[in-house]
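Dear colleague,

I am passing the structure below on to you, followed by an account of what was found in it. Please read the two side by side.

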Amino acid sequence: MNNKALTTTQTTCPYCGVGCGVDINSDGSQVEPVSGTAAHPANFGRLCVKGSSLHETLSEEGRLLHPTLNGKRASWDKTLSLISDKIQQVLNTHGPEAIAFYGAGQMLTEDYYVANKLMKGFIGSANMDTNSRLCMASAVVSHKRAFGADIVAGCYEDLELADLVVLVGSNAAWAHPIAYQRIVAAKQQRPDMKVVVIDPRRTATCDIADIHLAIRPGSDGFLFATLLAYLEENDKLDQNFIVANTQGFDETLAAARAACISLDHSAELLDISRDALLSFLTLFASTEKTVTVYSQGINQSATGSDKGNAIINVHLATGRIGKPGACPFSITGQPNAMGGREVGGLANQLAAHMDFAPSDRERVRRFWGAPALAERPGMKAVELFQAVRRGDIKFLWIMSTNPLVSMPDADAVKDALKHCELVVLSDCMGNTDTAAAAHVLLPAASWGEKNGTVTNSERRISRQRSFLQAPGEAMPDWWMLTQVAHRLGFAEQFDYQSPADIFDEHCRLSAFENNGKRDFDLSGLTGMSLADYDALAPVQWPVNASYPAGRARFFDDGRFFTANGKAQFVAISPELPEQRQEGDLNMNTGRVRDHWHTMTRTGKAPRLAQHISEPYAEIHPLDAAARGIAEDQLVSVSNSRGAITLRARLSENQRRGDIFVPMHWTSRYASNARMGKLINETRDPYSGQPELKITGVNAEPFAADWQGMILCRDDMGALDCEYWASGVTQGGFYYEIAGRGDAAQWLSTVSQQLPQGDWITFSDANSNHHRHVLLVNGRLEAALFTHKEQRFTTRQWLIDRFADEQISASDRRALLAGRAADLPDTGAIVCSCYQVGEKDIMKAIENGCDSAEALGAKLKCGTNCGSCVPEIKALVATHAVAMEISA
Ligand SMILES: Nc1nc2c(c(=O)[nH]1)N[C@H]1C(S)=C(S)[C@@H](COP(=O)(O)OP(=O)(O)OC[C@H]3O[C@@H](n4cnc5c(=O)[nH]c(N)nc54)[C@H](O)[C@@H]3O)O[C@H]1N2
Ligand SMILES: Nc1nc2c(c(=O)[nH]1)N[C@H]1C(S)=C(S)[C@@H](COP(=O)(O)OP(=O)(O)OC[C@H]3O[C@@H](n4cnc5c(=O)[nH]c(N)nc54)[C@H](O)[C@@H]3O)O[C@H]1N2
Ligand code: SF4
Ligand SMILES: [Mo]
């Protein structure tokens, strides 16, 4: 860091919906390692490993720096005019329904507000949808059906106050680490607190579970219907609450009873033991203070809306809502998934929690002075891309999302873009799968370079503040949208000078003719000065006359937002997912601890690449054996839509018949791992949310004659071999590779991509065993190792040599071995923060460290962000089991 003065900026993490506050020390160009904001009510100073690696992700590498038209650089003025001319031409020729926007829960509220207003008020159709369709749409439906509005009832404190936390379809240990750690800390303080995890997989979240129900995928509806019937039978209902504050109970109970004929029948449907089922039912029945957290295992389902309501039903029936430590809690994924819902980012919303009811439309029309307010809901994501593919959408603007990876049937989406006359993409990065398919690329300012607000899972609005200049000509999304609006003739209605102006309008719309009638009300934040906006402290909506400092819990007053103010039970007839026709395994997809979605940001941080360095498929050992698949072998996972190639991991954490594949690896980071292309378009009938957790696939070994790795100083891009997966190291890049035929020949071809220098080589053609190391002017430039089988997992020593200005004579001899002779092998990195490897941990366990705490005291592992504690505990447990067996 140079000696320019450092300033501290408080901002919000751009990753998950926990919405942690982050302190940044920066001199305007460089940023010191970040820390958590001590006073932020989401995290009180803590950050998970992704948050605490943020400073590693800020390089300009891969950034879009200038607008481009069909790959050629163009001026902003020309590009924006081209966009507005095209919109105007499509409007004149085909009407507003031929235009669409597709946004994301990673846009700031201000960006999102402008996009939605332009589309729904001024272009005139509601074809603005968002990736929240893939994420929160079913939760929105269930909230609206039950509460009359899209409201998350509780707050994070409820997780700590609860006596029972039920996590359903949520791997919070990896996906919402700081919220999870708040539960861990509460349970440590009050060991009587219970945790139940409901997930077909055994995940890191199960680490603190008193009960884990590894239910049949998609069967949650039966579980919660069974629970409702059980509560009634055992006289555990809150009759007063049901009578005074709800409606529809009798039909709902009747439907639940019809669905669960007996406990044995339910246990069979759920594919768990009757005892396990009963232990959950009795625990729930006897624990007043219960929070049920649910996430994508519920939402990403063909019956996700009904499952959400099945969960809410049991909370209404027991009056466990609006009380400290008791609520149903749909936890949001993206940093601004909640903010997107506030501005109306989904195609079936209008704005500020108003819909397409005539009175809402009329109110929004008047407020915006909108000449062409959309008359009806627009197309939801899957239908929207189907329409693009039919050629019905002539102009499409994608912002802040990577649908060629994240949508189901992703190859069909790729194909769809070829049928659209103009595809515009605003993104920070130029090398995404979607960028490769768009005509116009707009360089977006990224986290740290722009200002605005986001709303987290507990309805808390926090500021994102800039601390860096945007590189090149990158601009915030709200600015691009506003400029296009001006060119379309709406300068007056889009006369924003800054995000503060937009936020003020957003608050005023929420307050407009509200008078406490609508849940989403920011009247208390209207009219802020620029300085007030800059200083805005995190606050939970609503902020109005009744709740001037925000509201922690809704429904504590028993008042809901339905016509008569009562909560609505929703009668559910649970269904199991359709029988899979496309393969004999069920592919479940989701997240890993250290990567974020399509890796455009986490892919830049060496620390984050170490936890899991390759795309993988986790499969039960018996299912693997039946298919001839061995641990660490490459596998092909396929169905009629295509095939992907991944590393096999065998684990009893998987149910028989299930295979888990992470969603993160794209064409940028792997030869063939874009799992979305295998997924069909089955979706929930009410929310339109796709069933991303259930896909029929087959799996078989992927034949390769050799495997290996490359370490190199410069990015080598996509490689020409059967399999590769890449990522960053401290000194450059790594590739995992595999191929067919003669490895030597392949190596000599690929070496031509590298600079001239001195090669040190070893070759044993019989086993395709080759080691080629390249030095340029005495510095290590590349190491290319191949072998018949996978090898070379220990490589930190070699990676460290990239930092050496000159390779010493003794190190030179060690290069081909891949490590110095006297160097201990630490094994795969478990603790990313302190770089502690598995072998070191196992050694310490053998020497008597018998708990995560003891290991932390000895090796420091798990003592910073804590994200790896579940894995450390698993190692301790593995050792204990091994000792038992050998005893
Ligand atoms: N590290 C990391 N964290 C993230 C993200 C990220 O990319 N990386 N993304 C963020 C976003 S946008 C989101 S939406 C959240 C998602 O957060 P989560 O929903 O917690 O994450 P997922 O891994 O998608 O899925 C959760 C679990 O659902 C389980 N599941 C699958 N089918 C079923 C089922 O039928 N029933 C039940 N009960 N469970 C099932 C899966 O096995 C999985 O463990 O994470 C956020 N946080
Ligand atoms: N199979 C399967 N598919 C899934 C899921 C799953 O569990 N399984 N999960 C689904 C869920 S819950 C989600 S949320 C989605 C996520 O999927 P996507 O939204 O497609 O994934 P991201 O990688 O987050 O894409 C965000 C893009 O926006 C860019 N970006 C970041 N900040 C900005 C900004 O300020 N402005 C602009 N213009 N661009 C920006 C990034 O560079 C990146 O390219 O995936 C969904 N798809
Ligand atoms: S828990 Fe979520 S918001 Fe908090 S630091 Fe980690 S990724 Fe960021
Ligand atoms: Mo999400």
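**Domains and their contact**

The domain assignment, whose bounds come from an automatic or database source, divides the protein into domain 1 (7-57), domain 2 (68-135 + 336-540), domain 3 (137-330), domain 4 (585-701), domain 5 (706-815) and domain 6 (829-886). Please keep in mind that this is a predicted model, in which local features need pLDDT of at least 70 and side-chain atom pairs count only at pLDDT 80 or more, while totals for chains, interfaces and linings use all residues. Residues are numbered from 1 along each chain as its sequence is written, chains are lettered from A and ligands numbered from 1 in the order in which they are written, and side-chain values use heavy atoms, with hydrogens and water left out.

The centres of domain 1 and domain 4, taken over C-alpha atoms, are separated by 30 Å. Eleven residues from domain 1 and eleven residues from domain 4 take part in the contact, where contact means heavy atoms within 4.5 Å. About 1000 Å² is buried between the two domains, with carbon and sulfur atoms giving 59% of it; this buried area is the accessible area (1.4 Å probe) that two parts lose on being put together, summed over both. On the domain 1 side, Tyr-15, Glu-56 and Thr-57 supply 51% of the area buried against domain 4, more than any other three residues.

**Surroundings of ligand 3**

Tyr-15 also belongs to the residues around ligand 3 (a heavy atom within 4 Å), and the others are Cys-13, Cys-16, Gly-19, Cys-20, Leu-47, Cys-48, Lys-50, Gly-51, Pro-177 and Ile-178. Helix 1 (49-52) and helix 7 (177-189) each supply at least two residues of this shell, where helices (H or I, at least four residues) and strands (E, at least two) are DSSP runs numbered from the N terminus.

**Backbone details**

All 15 of the 15 residues of helix 3 are buried, that is, under 20% relative accessible area, with exposed meaning over 50% and partly exposed in between (1.4 Å probe, protein chains only). Just after helix 3, Gly-124 takes a positive phi of about 110°.

Two residues other than glycine also have a positive phi: Asp-271, near 60°, and Ala-352, about 50°. Asp-271 lies in the loop between helix 11 (263-270) and helix 12 (274-286) and is partly exposed, with a relative accessible area of 40%, whereas Ala-352, in the loop between helix 15 (337-343) and helix 16 (358-368), is buried at 1%.

Finally, the peptide bond from Trp-541 to Pro-542 is cis, with omega near 0°, and Pro-542 is found in the loop between strand 19 (539-540) and strand 20 (567-568).

With best regards
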